Amino acid sequence: MSRSALVGNVAAMLQDAGFVVSDRIAIRPKSFDLAARRGEDLLLLKILGNIDAFDGLTGSEMRRLGSYLDATPLVIGLRTRDEDLKPGVVYFRHGVPVFNPDTAMDMFVEGVPPLIYAAPGGLYVSLDGDILAEERKERGWSLGQLATELGVSRRTVSKYENGMNASIEVAIHLEELFDRPFSNPVDVLEGAEDVRDAEPTPEDPDVDPDDEHVLSVLTEAGFTVHPTSRAPFKAVSEDAGRRKKANVLTGHSSFTRSAEKRAQIMSSLGKITQTRSVYFVEERQKRESVDGTGIVSCEELAAIDDPDKIRDLIRERTRDPAEI
C-alpha cells in the first residue's frame with residue numbers, strides 16, 4: 001500500500017469514528033500528516049509505512065505541539081524493519097505512542113483500547129495490582145504460593161500488587177489461574193504516560209533568523225511564542241493577554257503561491273485545533289485573509305506599538321474558532 005493510500009484510509013477510518021479531520025498536510029516541512037478532533041480529544045497523527053522513518057527531531061516536534069495545543073501525538077504505521085507491527089500492541093518511538101491501523105480501528109471505531117505495550121525485552125501489560133491482591137487473599141493464597149504458581153519470586157509478586165507491570169506471559173498465566181483478566185488498558189489518548197518512562201517535553205527550537213523580527217514583535221505585544229522547526233507553521237503563539245488560553249498558528253514568508261497553500265492548510269488545522277491562524281507577509285496585500293487565515297503585512301505589524309491593537313488586528317483578520 002502506498003503512503004498516500006494509507007493516509008487516506010486512516011482519515012476515512014477516523015471520520016467513521018466520529019472525528020473531524022483536517023486536510024492532509026501535503027507541504028514540507030511537516031512533522032505530522034493530519035489533525036483530528038472528536039469532542040475534547042485532539043490528535044496529531046504521523047502516518048508511515050515503516051515507522052523507522054520516524055526520527056527524533058520529528059518526535060520532539062510532535063510532543064512540543066501536543067503540549068502547546070493540548071493534543072495527543074500519535075504515529076500509525078505498518079511495520080518496523082522487516083516485521084509487521086502486531087495488532088493490539090502499542091509501541092513507542094521518541095516518546096510518541098505508535099500502533100498499526102487495526103489497533104486504531106479497534107480503539108477509535110470499536111471502542112476497544114489496547115492492553116499490551118512493547119518495551120525493551122518484550123511485550124508487557126499494566127496490571128491492576130489492587131484487584132490482584134484482593135483475588136489472591138480471597139483464595140487464601142500467600143505471596144509465596146502465587147509466586148510458586150507463576151514461577152517468580154515472592155518479591156516480584158509483591159511488586160505486581162504494588163503496580164509493577166508484567167510480561168504478557170505472566171498476565172496470561174494470571175488470567176488462567178483466576179479465570180479473569182487483570183490488565184489495564186493502555187491510555188493512548190493521554191500519551192500512555194503510565195506505561196512509559198516519563199520524559200520532559202523537549203525545549204523549543206531556536207527561532208529562524210528570517211522570522212525573528214516578526215516573532216519578536218509578537219513577544220513584545222504579550223504573546224508567548226513557541227517556535228517550530230518542522231510544522232506547516234512557524235510558531236504557536238499564545239495570547240497571554242487574554243484570561244482564557246488562546247493559541248494562534250503563526251506563519252511568515254513572502255506571499256507566494258506556496259505561502260497561500262500554507263495559509264490554507266493552517267486554516268484547515270485551525271478548524272480542528274480550535275485556534276486562530278495568521279500569516280505575516282513581507283509585502284502589503286489587498287487580501288486580508290485566506291480561507292480564514294488572516295494576512296498581515298510586516299509593515300502593518302511594525303507600525304503598531306500598542307499590544308492591544310496588535311491583538312485586535314489579528315482577531316479582525318482571522319476566523320474565530322468559536323464560530324466554526
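Here are some notes on this predicted model, going from the whole chain down to one arginine and the strand it touches.

1. Overall make-up. The chain has 11 helices and 17 strands. Its C-alpha trace spans about 80 × 40 × 35 Å along the principal axes. Of the 324 residues, 49% are buried.

2. Contacts along the sequence. Take the contacts between residues at least 6 apart in sequence: 60% of them join residues at least 24 apart.

3. Surface and charge. About 15800 Å² of the chain is exposed, and 45% of that comes from carbon and sulfur atoms. On the charge side, I count 56 negative side chains against 40 positive ones. The centres of the two sets lie 3 Å apart.

4. Now for R317. This arginine sits in helix α11, which covers residues 307-317. Is R317 buried or exposed? It counts as buried because its relative accessible area is 13%, and the cut-off for buried is under 20%.

5. What R317 meets. Its side chain makes a polar contact with the side chain of E300, at 2.8 Å. Leaving out residues up to four places away in sequence, R317 touches E288, S289, G292, T293, G294, I295, V296 and E300. Several names on that list come back below: T293, G294, I295 and V296 belong to strand β17, while S289 stands opposite G294 in that strand.

6. Strand β17 itself. It runs over residues 293-297 and is mostly covered, with 5 of its 5 residues buried. T293, I295 and S297 point one way from the strand, G294 and V296 the other way. Both sets are buried, so far as the under 20% cut-off goes.

7. The parallel neighbour. Which strand pairs with β17 in the parallel sense? That would be β15 (residues 276-281), over 4 bridges. If you want a pair to look at in the viewer, F280 has V296 of β17 as its bridge partner. V296 is also one of the residues touched by R317.

8. The antiparallel neighbour. β16 is made up of residues 289-290 and runs antiparallel to β17, with 2 bridges joining them. S289 stands opposite G294 here, and R317 touches both S289 and G294.

9. The turn. β16 and β17 form a hairpin with 2 residues between them. Have a look at D291 in this turn: its phi is positive, about 55°. R317 comes in here as well, since G292 is among the residues it touches.

Key: Residues are numbered from 1 along each chain as its sequence is written. This is a predicted model: local features need pLDDT of at least 70, side-chain atom pairs count only at pLDDT 80 or more; totals for chains, interfaces and linings use all residues. Side-chain values use heavy atoms; hydrogens and water are left out. Buried means under 20% relative accessible area, exposed over 50%, partly exposed in between (1.4 Å probe, protein chains only). Contact means heavy atoms within 4.5 Å. Accessible areas come from the Shrake-Rupley method with a 1.4 Å probe; for residues, only the protein chains shown count as cover. Lys and Arg count as positive and Asp and Glu as negative; His and the chain ends are not counted. The place of a charge is taken as NZ of Lys, CZ of Arg, CG of Asp or CD of Glu. A polar contact is a pair of N or O atoms within 3.5 Å; within protein, one must be able to donate a hydrogen and the other to accept it, and residues adjacent in sequence count only if both atoms are side-chain atoms. Two strands pair if DSSP finds at least two bridges between them.
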